[in-house]
Amino acid sequence: MRTLRTGLRVYGLIATMWMRSTMTYRASFAMTALANLAATSFDFAVILLMFTHVDTLAGYRLPEIALLYGAAATAFGLADLTMGSMDRLGRRVRDGTLDTLLVRPAPVLAQVAADRFALRRLGRITQGLLVLGYALVTLDIAWTPLKAAMVAMMPLSGAVIFAALFVAGAAFQFIAQDAAEVQNSFTYGGNTLLQYPPTVFAKDLVRGVTFVVPLAFVNWLPALHVLGQPYPLDLPRWLAFTPPLVAALCCALAGAAWRAGLRTYRSTGS
Amino acid sequence: MRLYAAVAAGSFRRYATYRVATAAGVFTNTVFGFILAHTYMALWDERPRLGGYDLSQAVTYVWLCQALLMTCAMMGGGFEDELVERIRTGDIAIDLHRPADLQLWWLAGDLGRAAFHLLGRGAVPLLLGALAFDLALPASPLPWLAFLVSVALGITVGFALRYLAALSAFWLMDGAGVLHFTWLAGMFFSGMLLPLTLFPGALGELARMLPWSSLLQIPVDVLLGKRTGWALVHAYAFQLGWAATLLGAGRLLQSAATRRVVVQGG
């Protein structure tokens, strides 16, 4: 617990440093923040353009897809803001600068995660929440306190699942170094996948993101329960309430992978 | 001319060196190809022949997009980060002293990079897509040749756009903001997100007139046989026109920038 507190404090200090550095160039910060907002909004713009031609996509109406999109985008945005820098670890392994972090009396994970903390990534969270808000006001749902709690849960436990993916991806980079882009398949690729309902995809793909890389627990399973839509693969309904448990399990596994990766690290020497 | 050929060859070899990174990129492009192919199939199941494409052509569009994404550097990944950094640190002074034209130097380098990305990162995802889906790829070599010419022109247009954006660093110092907006336009107006024929009304007309359609929409339509005869000539003229205009603008901006440059530090 003391290590966790130290880690959070280190994270805060480094993130603050990068925020102050970013604000030195205010014009560039404003432009990149707007660019981040616009770029991440394009995914929903695509969906809107699709719905200028159709009324339903794979059996889902626009507000229903907006719920899926909003939950996934907000969850991914939170993870990207807080842990997105993990995908740069491969470069540090290759050029030896990881050694600098290792000699400091601070948790390496906190240092890597906070490195180049980018406030502009708030753009993705902002537009995700806007789409989520649109979905909630346009959908006709028989609300219960449990369903409302699930809507709040989706971005939070989903963010933890994506964050665990970022950490696992970083652990992979201890081995793969130059192959950092593989993890984009699961992080950015996963985010793109979850913007659409499971009825869009082949059964094998749905099975893969449910049982292998549990992305389905980010938004598919809770949202389909809220919407009253049928579950894929004949899954039981009670899985709708398990995302927090899955998130905790993902954290444990990612943490173990990270410690294993760090333990096997050998410097390139200098 | 030999100088620029050497720069292009060196650039090809430089990017070819990172084999593991290339394999990782191929993997990711392939995964995205599978995800997006399914979303397109869902859309075309609802509306067959949407945008003038049948289902097979629509899925082919997705895989060609993955093949050309890095080639035309629609989301960045070309020379521009490096050029901006050289301007910011002042190393650009070294480049300006060389007996070589700055714009042609970077163009040669970008063409070399694009050639590698087309072969090394574009071909494999397209092949895997063809194995997994029923793609509408031409059997005879002539459409492929016409396609490659169009891709080369698209790469040049893409370079010219990013070169203009990179030169803004002479004034702004931190060119990241302008580059990000260039990448945004590249994503939206190239047809990378959806075919431009699906953009409704005036937005669609605007998108098809802007230079970014040269990067993806036009080459894909050439390969799918939607631009033949005079339509093909018109497509090439469109791409050449934008390339000439933007390269010319780049040259003007380059002159203004080099007159203005005050190298920092030393």
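Q: Which residues lie nearest the centre of the second largest pocket?
A: They are A:Leu4, A:Met83, A:Leu109, A:Ala110 and A:Val167, out of 22 lining residues. The model is predicted: local features need pLDDT of at least 70, side-chain atom pairs count only at pLDDT 80 or more, and totals for chains, interfaces and linings use all residues. Residues are numbered from 1 along each chain as its sequence is written, chains are lettered from A and ligands numbered from 1 in the order in which they are written, and side-chain values use heavy atoms, without hydrogens and water.

Q: What makes a residue part of the lining?
A: It has an atom within 4 Å of a grid point; the grid is 1 Å, over the protein atoms alone. A pocket is an open set of points with protein on both sides within 12 Å along at least five of seven lines. Here the second largest pocket holds about 680 Å³. H12(A) gives the largest share of its lining, six residues.

Q: How many residues of the lining of the second largest pocket are nonpolar?
A: There are 17, with four polar and one charged. Nonpolar means Ala, Val, Leu, Ile, Met, Phe, Trp, Tyr, Cys and Pro; Asp, Glu, Lys and Arg are charged, and the others, Gly among them, polar.

Q: What makes a space a cavity?
A: A 1.4 Å probe fits at its points but cannot get out. Three cavities of 30 Å³ or more turn up in the whole structure. The largest has about 60 Å³ of space. Its lining includes B:Cys72, B:Met74, B:Arg162 and B:Trp183. H7 and H9 (176-189) of chain B each supply at least two lining residues.

Q: Why is H3(B) oblique to H7(B)?
A: Helix H3 (residues 55-71) and helix H7 (residues 141-167) of chain B pack at about 40°, with axes 11 Å apart. Under 35 degrees is roughly parallel, over 145 roughly antiparallel, and 65 to 115 roughly perpendicular; the rest is oblique. The angle fits none of the named ranges, so H3(B) is oblique to H7(B).

Q: Which residues of H3(B) meet H7(B)?
A: B:Leu64, B:Leu68 and B:Thr71 meet B:Phe147, B:Val151 and B:Ile155 of H7(B). Five of the contact residues are nonpolar, one is polar and none is charged.

Q: At what angle do the axes of H3(A) and H11 of chain A cross?
A: They cross at roughly 150° and come within 10 Å. A:Glu64, A:Leu67 and A:Leu68 of H3(A) make contact (heavy atoms within 4.5 Å) with A:Trp220, A:Ala223, A:Leu224 and A:Leu227 of H11(A). Six of these residues are nonpolar, none polar and one charged.

Key
Axes are lines fitted to C-alpha atoms, for helices over the stretch in contact, and angles run from 0 to 180 degrees between N-to-C directions. Helices (H or I, at least four residues) and strands (E, at least two) are DSSP runs, numbered from the N terminus. Grid points are joined across faces, edges and corners, and a volume is the space filled by probe spheres set on the points.
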